[in-house]
Amino acid sequence: MGAGWQWDETLFSGTAAFYRRGRLPYAPGLADVLARVLDLDGRGRLIDLGCGPGTVALSLAGLFGEVVGVDPDAEMLAEAAREAARRKVTGKVRWVRARAEELPAGLGDFTVATLAQSFHWMDRERVAATVRGMLRTDGALVHVSDLKGESRTTDGLPHPPVPHAAIDALVRRYLGPVRRAGRGLLPRGTAAGEAAVLAGAGFAGPYRHVVPGGQAMVRTEDDVVAGVFSMSFSAPHLFGARLALFEADLRRVLREVAPSGRFSVRQPGTEVFVWPRGAD
């Protein structure tokens, strides 16, 4: 993680209730791509690190015999359990409250491990080495993220785009110019260089796959507000006694752009890097 910052339990405090509604989903077809490239057949075990409310774990549950989601936030795991019940897959999923640094935690070995935009919050060298040791000899780690550098124009769509620049400016006005993260600050942003860390741990590859997006979507004002409150750098607790005032200002900004309360967006593409465990 960035120099001078240490993880603390408030990082995503209060965001779980907003996460599923506020975050854009991964591109349709993610499960199909992974089933094909990893030859998944409904057996085997998946461990999802930093699983949050189960976004990836539950979308892949049909590809495995057992799924284990690991996250340090109790509210995230409660949301994951509720969604698992709604999808009627409770019998094949298990939620473990722990940091990835606490693994292996007696969880056994796995066919696949997934990381979805959470690796940068971890002690990456330690976690990479531990997770590699938890994978079966033919297993793989899968790193999932939104497609980098993608241009997604909303030209021709019926509603205005989400005013991200204005939202970011409002957050900075309330919380200051340096990105917040739990009780700390991230003046240089989150860490990069995941590929070097995973290669250094002994993983082979990677093999890159892109799941295309681009589908038109409509987001309501409430969806956009939920998206803001789902982020670590604008989590509800960071605003303290000014939370209601911030939300009122946020909604004012949104209504100035879209009086109808509707925005057009395009589904982002999804980028997948598959890292086979590699030979010892």
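This report describes the open sheet of a predicted model and the helices that lie across it.

The sheet comprises seven strands, arranged in the order β3-β2-β1-β4-β5-β11-β8, with mixed pairing. Its edges are formed by β3 (93–97) and β8 (207–211); each has a single partner strand, so one side of each is left without a neighbour in the sheet. From one strand to the next, the twist averages 20 degrees.

Three of the strand pairings are set out below, each with one pair of residues.

| Strands | Sense | Bridges | Residue pair |
|---|---|---|---|
| β1 (residues 45–49) and β2 (residues 66–71) | parallel | five bridges | isoleucine 47 and valine 68 |
| β1 and β4 | parallel | four bridges | leucine 49 and leucine 115 |
| β4 and β5 | parallel | six bridges | phenylalanine 110 and leucine 135 |

Between β4 and β5 the chain passes through helix α5 (residues 124–134), and this β-α-β crossover is right-handed. Strand β4 is itself mostly covered, with seven of its seven residues buried. In general, side chains in a regular strand alternate between the two faces of the sheet.

Two further helices lie across the strands. Helix α2 (residues 30–38) lies across β4 (110–116), β5 (135–146), β8 and β11 (270–276), and runs at about 25 degrees to β11. Helix α4 (residues 74–86) lies across β2 and β3, where it runs at about 170 degrees to β3. Among the strands that helix α2 lies across is the edge strand β8,, while helix α4 lies across the other edge strand, β3,.

Conventions
Residues are numbered from 1 along each chain as its sequence is written. This is a predicted model: local features need pLDDT of at least 70, side-chain atom pairs count only at pLDDT 80 or more; totals for chains, interfaces and linings use all residues. Side-chain values use heavy atoms; hydrogens and water are left out. Two strands pair if DSSP finds at least two bridges between them. Helices (H or I, at least four residues) and strands (E, at least two) are DSSP runs, numbered from the N terminus. Axes are lines fitted to C-alpha atoms, for helices over the stretch in contact, and angles run from 0 to 180 degrees between N-to-C directions. Contact means heavy atoms within 4.5 Å. Buried means under 20% relative accessible area, exposed over 50%, partly exposed in between (1.4 Å probe, protein chains only). A crossover is right-handed if, with the strands pointing away from the viewer, the path from the first strand over the helix to the second runs clockwise.
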